[in-house]
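Please look over the following note alongside the sequence and the structure. It is written for a reader who is new to describing protein assemblies.

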Amino acid sequence: MMEQSRPLDALNKARNKRVVVDLKNQKQVIGTLISFDIHINTVLDNAEEYEARTTKVVKQVDDKTREETTQTELHLKKKLGTVFLRGDTIISISPEK
Amino acid sequence: MMEQSRPLDALNKARNKRVVVDLKNQKQVIGTLISFDIHINTVLDNAEEYEARTTKVVKQVDDKTREETTQTELHLKKKLGTVFLRGDTIISISPEK
Amino acid sequence: MMEQSRPLDALNKARNKRVVVDLKNQKQVIGTLISFDIHINTVLDNAEEYEARTTKVVKQVDDKTREETTQTELHLKKKLGTVFLRGDTIISISPEK
Amino acid sequence: MMEQSRPLDALNKARNKRVVVDLKNQKQVIGTLISFDIHINTVLDNAEEYEARTTKVVKQVDDKTREETTQTELHLKKKLGTVFLRGDTIISISPEK
Amino acid sequence: MMEQSRPLDALNKARNKRVVVDLKNQKQVIGTLISFDIHINTVLDNAEEYEARTTKVVKQVDDKTREETTQTELHLKKKLGTVFLRGDTIISISPEK
Amino acid sequence: MMEQSRPLDALNKARNKRVVVDLKNQKQVIGTLISFDIHINTVLDNAEEYEARTTKVVKQVDDKTREETTQTELHLKKKLGTVFLRGDTIISISPEK
Amino acid sequence: MMEQSRPLDALNKARNKRVVVDLKNQKQVIGTLISFDIHINTVLDNAEEYEARTTKVVKQVDDKTREETTQTELHLKKKLGTVFLRGDTIISISPEK
């Protein structure tokens, strides 16, 4: 029987590659994956932090109707160098395409 | 006595199939289920990320009454390729219909 | 001495019956209870997802007073087929009446 | 030395009595306490769900001052029959007076 | 060497005394401390529940500046008699002065 | 080899000294550090509770632009005497300067 | 086979160096890293606390469209000296550049 792969195998394959990490505080960090543990505590190198900026567009559709749409975009905030990310703050880790 | 099924059996059956994963940050990821563990840490392949966009429609019903309805719709945000999702951020996993 | 019942006994009795599951993200899933474990990870079959839609009614009571009332209603969002629900996202499980 | 009482003793005394359960999602469930465990997973029978409805009253105090007061009231939402409540969603359990 | 005191010693000293318990849902419960355990699950007797009411005062400072100040006050909501409080919902416990 | 210091050493040094404790509910408690445990459950004596008051200043910059700035300030709310703080509600503990 | 690095190695290298710690309450603390443990409880010395200040800019784009953009900036709030930070409140730790 072939052994089934486990989630941490995917992180192991991404070591020393650029990954995109989404955080719960609406931020994103992109960097080289140096290390991680079973809690998904993660260290990235040459990391850049992107921050969500929320914009609400309010349109007067007609005399009686107004429409408000909220959108969120990521903007580069700062270069971090090396960064330690606490596992419980991480939503997803994905190799940069 | 017949052995009763357990929740992870349903995930095992979905391996290598397309699944829809709802996340706590109002996002949704659709992809091929590659692996998962007991914490429900999950890896998807050929994944696509959908993001919630909130719209509020404000209608002036009559002179004295205004009605505001908030709705949320999912929009394709980006193709992710492989993605590791931390289990505690997952609400539900469902085979794509 | 009579043995006292435990909470999971109530879930065991509901197996293969229609149940209403309230989730923390203001959604509701109704389906046939297939399985659950001690973390309350739960699998439903023939499931339907209902989503909260918030409406705010703003009434001008008199010259000096405005009243804003917020209400939430559930609307059928989509048919899910089989769905795995992570236990920590569940508020309550109740047999459909 | 007299043995000191423990919190679960109070729940044991309330078995088969009507209790009011406050939940973290601003809901309240009233029902007959059937069972509970150490995680405070709880089963109620003949249960009724009450939901919070928020009202904001905006008063124009004088030319330069506006006062907005937010209040929350509970309204009967539906009869649930038997309901399983996941322990971590519970704030308090109190015998109905 | 003198043994250092531990946090639960302070709760032990407060047994059978009136305590003020602040909860995470902006509520406060005042009652006689009957029992607690290591999770800080707590039972109070002759308890009263106080609820936060938020008021926003909006002042037009001058032609170009408006100031909005939000304040929260506690109001008696209801008498609870005996109440079981789940530990993870508790912020603080303090003997009534 | 010199032994490296651990975080709880810093709390031990602060025993019987005035400390500032920041809580997750935007409150601050200042008092004399009496005891703490590994969960950071903490007891303070002669404690004072400070509460955050939020002010939003709205400025009309020019015909087409309005700027809203939100600020939070701490105000003394009440003297607590002895207070038990549940560890998971604590953000930071710092000796008063 | 070379031993792979682990996340806490990165924190060990940062001992006695200036680090930037992002917290979940939108605050940032910068200080000299004195100690940490496996929960990421962390002690900093000569620490400074920065606090997020939110500004919303509302622009009238044209007759029918209004655009609201929310931004957050950090401002020095106070010097803390030594500070103990509870691990579960930490998002990231990064050596100051």
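The numbered points below take up strands within one chain and then contacts between chains.

1. On the nature of the model. The structure is a predicted model, and the remarks that follow should be read with that in view.

2. On strand E2 of chain D. This strand covers residues 27-36. Nine of its 10 residues are buried, and the strand is accordingly described as mostly covered. The next two points deal with its partners.

3. On the pairing of E1(D) with E2(D). Strand E1 of chain D, residues 18-23, runs antiparallel to E2(D), and five bridges join the two. One position to locate is Asp22(D), whose bridge partner in E2(D) is Gln28(D). The two strands form a hairpin with three residues between them. In that turn, Gln26(D) has a positive phi of about 65°.

4. On the pairing of E2(D) with E3(D). Strand E3 of chain D comprises residues 42-62 and is joined to E2(D) by eight bridges, again in an antiparallel arrangement. Val29(D) of this pairing stands opposite Glu49(D) in E3(D). These strands also form a hairpin, here with five residues between them. Ile40(D), which lies in the turn, has a positive phi of about 70°.

5. On the extent of the contact between chains A and B. Chain B contributes 34 residues and chain A contributes 32 residues. Together the chains bury about 2,500 Å², with 51% of that area on carbon and sulfur atoms. On the side of chain B, the residues that lose the most area to chain A are Val58(B), Phe84(B) and Arg86(B), which together account for 26% of what that side buries.

6. On polar and charged features of the same contact. Two salt bridges are counted between chain B and chain A. The side chains of Lys24(A) and Asp88(B) meet in a salt bridge, with an N to O distance of 2.8 Å. There are also 11 residue pairs in polar contact between these chains. Which element gives the most residues to the side of chain B that touches chain A? It is E3(B), with 12 residues. By class, the residues on that side of chain B divide into 10 nonpolar, 11 polar and 13 charged.

7. On strand pairing across chains A and B. Strand E4 of chain A, residues 65-85, pairs with E3(B) in the antiparallel sense over six bridges. Within this pairing, Thr69(A) has Thr55(B) as its bridge partner.

8. On the contact between chains A and G. Here chain A gives 34 residues and chain G gives 32 residues. The buried area is about 2,500 Å², of which carbon and sulfur atoms give 51%. Val58(A), Phe84(A) and Arg86(A) supply 25% of the area that chain A buries against chain G, more than any other three residues.

9. On particular links between chains A and G. E3(A) pairs with strand E4 of chain G, residues 65-85, in the antiparallel sense over six bridges. Lys56(A) deserves attention on two counts: this residue stands opposite Glu68(G) in E4(G), and the side chains of Lys56(A) and Glu68(G) meet in a salt bridge of 3.6 Å, N to O. The count of salt bridges between chain A and chain G is two.

10. On chains that do not touch. No contact joins chain B and chain F, and their closest C-alpha atoms lie 18 Å apart. Chain C and chain G likewise have no contact, with their closest C-alpha atoms 18 Å apart.

Technical notes:
Residues are numbered from 1 along each chain as its sequence is written. Chains are lettered from A and ligands numbered from 1 in the order in which they are written. This is a predicted model: local features need pLDDT of at least 70, side-chain atom pairs count only at pLDDT 80 or more; totals for chains, interfaces and linings use all residues. Side-chain values use heavy atoms; hydrogens and water are left out. Buried means under 20% relative accessible area, exposed over 50%, partly exposed in between (1.4 Å probe, protein chains only). Helices (H or I, at least four residues) and strands (E, at least two) are DSSP runs, numbered from the N terminus. Two strands pair if DSSP finds at least two bridges between them. Contact means heavy atoms within 4.5 Å. Buried area is the accessible area (1.4 Å probe) that two parts lose on being put together, summed over both. A salt bridge is a side-chain nitrogen of Lys or Arg within 4 Å of a carboxyl oxygen of Asp or Glu. A polar contact is a pair of N or O atoms within 3.5 Å; within protein, one must be able to donate a hydrogen and the other to accept it, and residues adjacent in sequence count only if both atoms are side-chain atoms. Ala, Val, Leu, Ile, Met, Phe, Trp, Tyr, Cys and Pro count as nonpolar, Asp, Glu, Lys and Arg as charged, and the others, Gly among them, as polar.
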